[in-house]
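Student: I would like to go through this structure with you and ask how each label is earned. Could we take the terms step by step?

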Amino acid sequence: MRVLLLKTSSLGDVVHTLPALTDAARALPGIQFDWVVEEGFAEIPRWHPAVHEVIPVAIRRWRKNLVQTWRSGEWAAFKQRLRTGRYDLVLDAQGLLKSAWLTRYASAPVAGLDKHSAREPLASRFYTHGYPVAWGQHAVERTRQLFAQALNYPLPSSIGDYGLPRAQLAGEAPASPYVLFLHGTTWASKHWPESDWRALAEQLNSIGMAVRLPWGSEAEKARAERIAANLPLVSVLSKMNLAGVAQVIAGARACVAVDTGLGHLAAALDVPSISLYGPTLPAKVGAYGRGQVHLCASGPLAGQGNREQPCFAGLGYTQVWQALAPLIKEPA
């Protein structure tokens with residue numbers, strides 16, 4: 001059976017789809033997925049053994065310059081690729097108009113969430129079959145339920161398995177263990193205070209545990225350098241692509257992460273992690289998996305979805321260190 005899967009973005013949403021692929025591969029031996037995904041995240045689906053081909057799409061980039069997109073032929077080539085694929089089913093796991101629109105170019109029945117379950121109900125008008133999935137659940141479980149209904153197999157009762165080869169992605173074992181600080185995120189309110197990052201780095205440095213800090217922008221690099229300043233065991237990494245960051249995550253003894261896509265990737269790679277939540281709550285979109293510890297702020301703005309104002313009252317360095325210490329004492 002061949003399925004065309006649409007889950008284009010974001011990083012966390014792409015990661016959250018992986019356990020459903022593992023379920024399907026176990027229930028339906030030989031099933032193959034071709035996955036339409038934003039070009040910046042195309043590396044991730046390639047790591048899953050049930051994915052036969054990754055089809056990059058560049059909706060974000062194309063929207064910025066529609067004339068250039070038309071002239072370059074990229075859009076025409078993408079449509080042609082979908083039209084020539086031979087699929088038994090098209091499965092839109094995104095539930096948005098932008099993904100539902102893309103299903104028009106594939107010649108197969110289309111499945112997705114029904115109008116009561118999709119984030120954008122109008123998307124369901126593009127589907128041949130719409131399936132109900134209850135709200136109020138974690139995104140991983142909602143996606144697993146959609147796959148099970150669309151592909152007609154019993155939903156497993158066990159915790160979802162991302163199916164990623166952590167040891168293979170990590171490569172050679174690091175010379176010494178390290179903790180990874182995933183400090184970069186988009187919302188201003190999701191940033192844990194820099195002074196707390198610094199205090200945690202000092203604590204780890206004092207017990208002989210190395211710390212590594214990746215970065216993706218100049219602002220993140222500057223923050224990482226301030227956190228690491230004059231601490232011999234704390235290092236700022238060179239700029240890396242997603243595959244490089246994944247390798248560093250996979251080799252870590254543990255991670256400390258704000259609410260960011262890389263935190264979800266750490267969970268997918270089965271790396272013990274402390275995830276820090278200020279304006280958001282972990283119940284529906286938190287880091288999912290074994291060894292995942294969620295710490296939430298307790299101030300008046302905590303969990304309110306505010307994008308700008310600081311929300312981390314009540315969640316400081318001391319609480320994070322108390323949760324992290326048991327994780328780094330365990331064997332890698």
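Tutor: Happily! Let us start with a term we will need: a residue is buried when its relative accessible area is under 20%. This is a predicted model, and with that cut-off, strand 10 (residues 254-258) is mostly covered, as five of its five residues are buried.

Student: Which residues of strand 10 point one way, and which the other way?

Tutor: A254, V256 and V258 point one way, while C255 and A257 point the other way, and all are buried.

Student: What makes strand 10 and its neighbours count as paired?

Tutor: Pairing requires at least two bridges between two strands. Strand 7 (residues 178-182) and strand 10 have four bridges and run in the parallel sense, so they pass. In that pairing, F181 stands opposite V256. Strand 10 is also joined to strand 11 (residues 273-277) by four bridges, again parallel. There, C255 of strand 10 stands opposite S273. Between these two strands the chain passes through helix 12, making a β-α-β crossover that is right-handed.

Student: Helix 12 brings me to H264. Why is H264 called buried?

Tutor: H264 is found in helix 12 (residues 261-268). Its relative accessible area is 8%, which is under the 20% cut-off, so H264 is buried. Leaving aside neighbours within four places in sequence, H264 is in contact with G12, V15, H16, D259, V285, G286 and A287.

Student: How do you know that the length of helix 1 agrees with its number of residues?

Tutor: Helix 1 (residues 11-27) has 17 residues, and at 1.5 Å a residue they should span 24 Å. The end C-alpha atoms are 26 Å apart, which agrees. Helix 1 is also mostly covered, with 13 of its 17 residues buried.

Student: On to the rings. How many aromatic pairs are there, and why is the pair of W62 and F78 called edge-to-face?

Tutor: The structure holds nine aromatic pairs. For W62 and F78, the ring centres are 6.0 Å apart, within the 6.5 Å limit, so the rings pair. Their planes stand at 65 degrees, over the 60 that edge-to-face needs, so that label follows. This pair links distant parts of the chain: W62 is in helix 3 (residues 59-64) and F78 in helix 5 (residues 74-84), 16 residues apart. W62 is buried at 8% relative accessible area, and F78 is buried at 5%.

Student: What makes W75 and F78 a stacked pair?

Tutor: Their centres are 5.8 Å apart and their planes differ by 25 degrees, which is under 30, so the pair counts as stacked. W75 and F78 both lie in helix 5, three residues apart, about one turn of the helix. W75 counts as buried too, because its 18% relative accessibility is under 20%. Ring pairs link W62, W75, F78 and Y105 into a cluster.

Student: And how do you know that a charge sits over the ring of W135?

Tutor: The charged end of R142 is 4.0 Å from the centre of the W135 ring, and the limit is 6 Å. The charge must also be within 35 degrees of the ring normal, and R142 does sit over the ring. Likewise, K190 lies over the face of W187, at 4.4 Å from the ring centre.

Conventions. Residues numbered from 1 in each chain as written. Predicted model: local features only at pLDDT ≥ 70, side-chain atom pairs only at ≥ 80, totals over all residues. Heavy atoms only, no water. Buried < 20%, exposed > 50% of the residue type's maximum accessible area, 1.4 Å probe, protein only. Contact = heavy atoms within 4.5 Å. Right-handed = clockwise from strand over helix to strand, strands pointing away. Expected span 1.5 Å × (residues − 1).
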